[in-house]
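Trainee: Got a minute to go through a structure with me? I'd like to hear the reasoning behind each answer.

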Amino acid sequence: GMVEEAADWALQALAQDMSLTRSHFYLSLALTHLGRSAEALQAMETCVKTQPALAAPYRWLAWIAEAHLGDPARAAKYRELGREVVRARRLQSPRE
């Protein structure tokens, strides 16, 4: 189906360039929908490594950890990491 095709496209892109943040992100979403939660978590963690200043992937990591892996403690850790990213961003560009 379409989800499998999305995962394949993401994998093809990553075969060319492993630093493609969006490909890791979309691969994670596709794997989540395919019920491959542990792999989805790994893909999203790689997404974060390629672009550490993004906060949104942490929300997805928390959701995968809690809703799909039944690990609320891990989800809380991801939420806190996401909040740290947002705090760091605010410190770098304070509002006037």
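What follows is a short chat about aromatic pairs, one loop residue and the nonpolar core.

Trainee: Before we start, what kind of model is this?

Mentor: Keep in mind that nothing here goes beyond a computed model. Local features are taken where pLDDT is at least 70. So the word you want is: predicted.

Trainee: How many aromatic pairs are there?

Mentor: Ring centres have to lie within 6.5 Å to pair. With that rule, the count is 3.

Trainee: Are the rings of F25 and W60 stacked or edge-to-face?

Mentor: Their centres sit 6.2 Å apart, and the planes make an angle of 90 degrees. Over 60 degrees is the cut-off that matters here. The pair is therefore edge-to-face.

Trainee: Which helices does that pair link?

Mentor: F25 and W60 are 35 residues apart, so to speak in distant parts of the chain. F25 belongs to residues 21-33 and W60 to residues 56-68. Those helices are α2 and α4.

Trainee: Is F25 buried or exposed?

Mentor: Its relative accessibility is 18%. Buried means under 20%, so F25 is buried. W60, at 26%, is partly exposed, but for F25 the word is buried.

Trainee: What angle do the planes of W60 and W63 make?

Mentor: Both residues are in helix α4, 3 residues apart, or about one turn. Their ring centres are 5.6 Å from each other, and the pair is edge-to-face. The angle is 85 degrees.

Trainee: Which residues form the aromatic cluster?

Mentor: We've met F25 and W60 as one pair, and W60 with W63 as another. Y26 belongs to the cluster too. The full set is F25, Y26, W60 and W63.

Trainee: Which residues does D71 touch, leaving out those up to four places away in sequence?

Mentor: D71 is in the loop between α4 and α5. It is partly exposed, at 28% relative accessible area. With sequence neighbours up to four places away left out, D71 touches A65 and E66.

Trainee: Which helix gives the largest share of the largest nonpolar core?

Mentor: That core has 23 residues, and L27, M44, Y58, L61 and Y78 touch the most other members. Each of α1, α2, α3, α4 and α5 supplies at least two residues. The largest share is 6 residues, and the helix is α3.

Trainee: Which residues does Y78 touch, again not counting those up to four places away?

Mentor: Y78 is one of the core residues that touch the most other members. Its contacts are L41, E45, Y58, L61, A62 and A65.

Notes:
Residues numbered from 1 in each chain as written. Predicted model: local features only at pLDDT ≥ 70, side-chain atom pairs only at ≥ 80, totals over all residues. Heavy atoms only, no water. Phe/Tyr/Trp six-rings, centres within 6.5 Å; stacked < 30°, edge-to-face > 60°. Helix = DSSP H or I, 4+ residues; strand = E, 2+ residues; numbered from the N terminus. Buried < 20%, exposed > 50% of the residue type's maximum accessible area, 1.4 Å probe, protein only. Contact = heavy atoms within 4.5 Å. Core = buried A, V, L, I, M, F, W, Y, C linked by side-chain atoms within 4.5 Å.
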